[in-house]
Amino acid sequence: MAADQRGKAATLALRRRLLSSSCRLFFPEDPIKIVRGQGQYMYDEQGAEYIDCINNVAHVGHCHPLVVQAAHEQNQVLNTNSRYLHDNIVDYAQRLSKTLPEKLCVFYFLNSGSEANDLALRLARQYTGHWDVVVLDHAYHGHLSSLIDISPYKFRDLDGQKEWVHVAPLPDTYRGPYREDHPNPAVAYASEVKRVVSSAQEKGRKLQGEDFVPDIVTMGKSIGNGHPVACVATTQAVARAFEATGVEYFNTFGGSPVSCAVGLAVLDVLEKEQLQAHAACVGSFLMELLGQQKAKHPILGDIRGVGLFIGVDLIKDEATRMPATEEADYVVSRLKENYILLSTDGPGRNVLKFKPPMCFSLENARHVVAKLDAILTGEPGGQGAADNVLESSLESQPPSMPRDRRLIAEPDVF
């Protein structure tokens, strides 16, 4: 705990010396030193409280007491690998199975979403005998080499697209080829996927798929509220094909007693606090408030999302829908000064991305949107109107500075 007493400047200097610059910080020009979290709030070294609209991985809230207690109690008894019999892993698998289609009844436990997606690829390839994959444009699936290969968001800046990767257009009715004025955009985008598959097959590539119920589902670390736990659920048929190789699948701490105790506690909290219904209610309210702001501020383009996973597309003008990248950066920076943590995403880095913990409240929604309104309007406390301040800041920059300062980060596509 002694390191917690170190000043922010000293921590930043050590980080810059010891960590790669590719491991980027939020708000790099003025990073925040976070020392504590509780619920939907985070606290810096000075005790300032921030509303966290970034960390959906803290699914049921930062440091939820029941989740912390479950980890602590199991840590005091045993934490070992899954080669020993233990009730926690089978109890957790049984609980998860009740949330999924009946055919998804075989479980593998891992430590991260990247590990889960990598295993899903191995399962699919063993079952089908083929390597080909269809992915959506701009998608990101994880940081392992196998997943960079199927993530357009990453591979376009690295080694490029492999011949066995087939990219379908993102079903975006705001910016995509089939927009809100199309008579049936869903069918049009589905036809695009069919076209991509047919084109690959004509080239001798192997792709297959039948009904809508998935054969494999992956889950990342949100299921552990940030604890390193992940899961792959699949069918008996897929699992048997994988088992037929005779090669053991073993993950040292995947499915450990502590990880499964944490996972079970998260499910308990979701049920006891009715957080799915809560997220649906608060998310609808937040969408409604943001929709009211759209009528007031032309910079707000499309507003989309489900539950508490919401994107607000900032545009330079309604006719062209040009991404307002610098304006989005400005808004996020000003929100931070108002003790609200938000990030941007999308190919143009112009989408305000709301993904708070599920305990985010109605009052939080009101407060965040009020601050957003003040920033866009230029009211006292809002730090000035976005358009006016941005124009001034751009004029002061050297001509060589690109207007679209694209960062490579881990996106959730909007």
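Trainee: Let's start with one residue. Is Ser 199 buried, partly exposed or exposed, and why?

Mentor: This is a predicted model, and burial is read from the relative accessible area, where partly exposed covers values between 20% and 50%. Ser 199 has a relative accessible area of 26%, so it counts as partly exposed.

Trainee: Where does Ser 199 lie?

Mentor: Ser 199 belongs to helix H7, which covers residues 185–202. Sequence distance and spatial distance are worth reading side by side. Ser 199 and His 166 are 33 residues apart in sequence, and their C-alpha atoms are 9.2 Å apart in space.

Trainee: Now the whole chain. How many helices and strands does it have?

Mentor: There are 13 helices and 13 strands. The chain has 414 residues, and 45% of them count as buried. Its exposed area is about 21,700 Å², with 53% supplied by carbon and sulfur atoms. Among contacts with a separation of 6 or more, 67% come from residues 24 or more positions apart.

Trainee: How do I read a single helix, such as H4, and what span does it reach?

Mentor: Compare its span with the expected one. Helix H4 (residues 113–128) has 16 residues and reaches 22 Å from first C-alpha to last, close to the 22 Å expected at 1.5 Å a residue. Just after H4, Gly 129 has a positive phi of about 80°.

Trainee: Which residues of H4 are buried, and what do they pack against?

Mentor: The buried ones include Gly 113, Ala 116, Leu 119, Leu 123 and Arg 125. The partners of the buried H4 residues include strands S4 (106–110) and S5 (133–136), along with helix H8 (236–243).

Trainee: What about sheets? In which order do the strands of the open sheet stand?

Mentor: The general idea is that strands of a sheet pair through backbone hydrogen bonds, either parallel or antiparallel. Here, four strands form an open sheet in the order S9-S10-S13-S12, with antiparallel pairing. Strands S9 (300–306) and S12 (343–345) are at the edges and have a single partner strand each, so one side of each lacks a neighbour in the sheet. From one strand to the next, the twist averages 30°.

Trainee: How many bridges join S10 to S13?

Mentor: Four bridges link S10 (residues 309–314) with S13 (residues 351–354). To find the pairing by eye, look for Val 312, which stands opposite Leu 352 in S13.

Trainee: Which helices pack on this sheet?

Mentor: Helix H10 (residues 275–296) touches S9, S10 and S13, and its direction makes about 170° with that of S9. Helix H11 (residues 325–337) lies across S10, S12 and S13, at about 160° to S12.

Notes: Residues are numbered from 1 along each chain as its sequence is written. This is a predicted model: local features need pLDDT of at least 70, side-chain atom pairs count only at pLDDT 80 or more; totals for chains, interfaces and linings use all residues. Side-chain values use heavy atoms; hydrogens and water are left out. Helices (H or I, at least four residues) and strands (E, at least two) are DSSP runs, numbered from the N terminus. Buried means under 20% relative accessible area, exposed over 50%, partly exposed in between (1.4 Å probe, protein chains only). Contact means heavy atoms within 4.5 Å. Accessible areas come from the Shrake-Rupley method with a 1.4 Å probe; for residues, only the protein chains shown count as cover. The expected span of a helix is 1.5 Å times one less than its number of residues. Two strands pair if DSSP finds at least two bridges between them. Axes are lines fitted to C-alpha atoms, for helices over the stretch in contact, and angles run from 0 to 180 degrees between N-to-C directions.
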